[in-house]
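Visitor: Before we discuss individual assignments, I should like each term to be justified. Please set every value against its criterion and then conclude.

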Amino acid sequence: MIKGFLFQLTGSSVYIVANVVGLTDDIKIDGLFVQMENGTVTDILDVEKLNVTANQFITTDALIIPAKSFHVGLLGTELSMGTPIKRIDVTVVTPTSFELEVPSTSSVTLTQGTTSTFSFLVVNGPDSPFDTFSCVISDELNLAGKPSPSTFSLASNESRSVEVDFRVPACYRSNGLDTVTVTVTSKTTGDFNSFLLRVVVSSQVGQH
């Protein structure tokens, strides 16, 4: 029932965003949970719908990230029968040796012909060795530019700010919500951290 998930950072807090498939009017989503590889459930989190046009759910409470590898699962109820539903995503989440620090308001609001810059911080852990990182953007409406810098190196306990420019063309004529995924990957280990950024687009129809 879970078809992929990622972690959204707001300030220093981490929230889980899950893509859920196979939903019907008879199924109620109750929450997401964290399960260690030995089967122990360490956290159960309430959720709310993130996007009215897609079956995305985000936890309303911040996640306490375990020190060891874990899975994310979903809890629900089949309303007609009162049958509980429990599904576990097969993806194993391994905590990384670096962090992303994102502003508490992870959103950008733009109108036609305007540009805005969003920045966040990549922090290499105090016990982590020198490493090189790459940053990529996945953008539904193609409003985001290339991150700057897109590749950089950090020593132990060192940090670097990364900027992403957003621009709405003057001819843009639709209100919309652009969902942007920012992913930073360690070239040494292959570990990665991601977060969602919401770009609210407000058109000014009739102006040129």
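Guide: Let us begin with accessibility: a residue is termed buried under 20% relative accessible area, exposed over 50%, and partly exposed in between. The model to which this is applied here is predicted.

Visitor: Why is S104 called exposed?

Guide: S104 has a relative accessible area of 58%, and the term applies over 50%; S104 is therefore exposed. S104 belongs to the loop between β9 and β10 (107–111). Its C-alpha atom and that of T10 are separated by 4.6 Å, although the two residues are 94 apart along the chain.

Visitor: What makes D43 a buried residue?

Guide: The relative accessibility of D43 is 16%, and the limit for buried is under 20%, so D43 counts as buried. D43 is located in strand β4 (residues 41–45). Beyond residues up to four places away in sequence, D43 touches L32, F33, V34, L63 and I64. From D43 to I64 the C-alpha separation is 7.8 Å, with their positions 21 residues apart in sequence.

Visitor: How do you know that D30 and K28 form a salt bridge?

Guide: The closest N and O atoms of D30 and K28 are 2.6 Å apart. The criterion asks for a Lys or Arg side-chain nitrogen within 4 Å of a carboxyl oxygen of Asp or Glu, and therefore the pair qualifies as a salt bridge. The structure holds one salt bridge.

Visitor: Are its two partners described as buried, exposed or partly exposed?

Guide: D30 has 28% relative accessibility and counts as partly exposed. K28, with a relative accessible area of 42%, is partly exposed. Both terms follow because the intermediate class runs from the 20% limit to the 50% limit.

Visitor: Why does N124 count as buried?

Guide: N124 has 1% relative accessibility, which falls under the 20% limit, so N124 is buried. N124 is placed in strand β11. Its contacts beyond four places in sequence include S97, F98, P129, D131 and F133. L154, A155, S156, N157 and E158 are also among the residues touched by N124.

Visitor: What makes the approach of N124 to L154 a polar contact?

Guide: The side chain of N124 reaches the backbone oxygen of L154 at 3.4 Å. The distance limit for a polar contact is within 3.5 Å, so this approach satisfies it.

Visitor: How do you know that S194 is buried, and which side chain does S194 meet in a polar contact?

Guide: At 11% relative accessibility, S194 is under the 20% limit and therefore buried. S194 lies in strand β16 (residues 192–202). Its side chain makes a polar contact with the side chain of T183 at 2.9 Å. Outside four places in sequence, S194 is in contact with F7, L9, L100, T181, V182 and T183.

Visitor: Why are β12 and β15 called paired strands?

Guide: Strand β12 (residues 131–139) and strand β15 (residues 176–186) share seven bridges in the antiparallel sense. At least two bridges are required, so the two strands count as paired. Within this arrangement, V136 has T183 in β15 as its bridge partner. The order β10-β16-β15-β12-β13 describes an open sheet of five strands with mixed pairing.

Visitor: What makes β10 and β13 the edge strands of this sheet?

Guide: β10 and β13 each pair on one side only. Neighbouring strands of this sheet are turned by 25 degrees against each other on average, direction ignored.

Visitor: How do you know that β11 pairs with β9 and with β14?

Guide: β9 and β11 have four antiparallel bridges, while nine bridges join β11 (residues 115–124) to β14, again antiparallel. The requirement is at least two bridges, so both pairings hold. E99 stands opposite V123 in β11. Towards β14, F120 stands opposite V162, and V122 has R160 as its bridge partner. The three strands form an open sheet in the order β9-β11-β14. Its edge strands are β9 (98–101) and β14 (159–167).

Visitor: How confident is the predictor in the chain?

Guide: The mean pLDDT of the protein chain is 86, and 93% of its residues reach 70 or more. Among the elements, strand β1 (residues 2–10) has the lowest mean pLDDT, 80, and strand β13 (residues 151–154) the highest, 97.

Technical notes
Residues numbered from 1 in each chain as written. Heavy atoms only, no water. pLDDT = per-residue confidence, 0-100. Buried < 20%, exposed > 50% of the residue type's maximum accessible area, 1.4 Å probe, protein only. Contact = heavy atoms within 4.5 Å. Axes fitted to C-alpha atoms, helices over the stretch in contact; angles between N-to-C directions. Polar contact = N/O pair within 3.5 Å; in protein donor to acceptor, adjacent residues only side chain to side chain.
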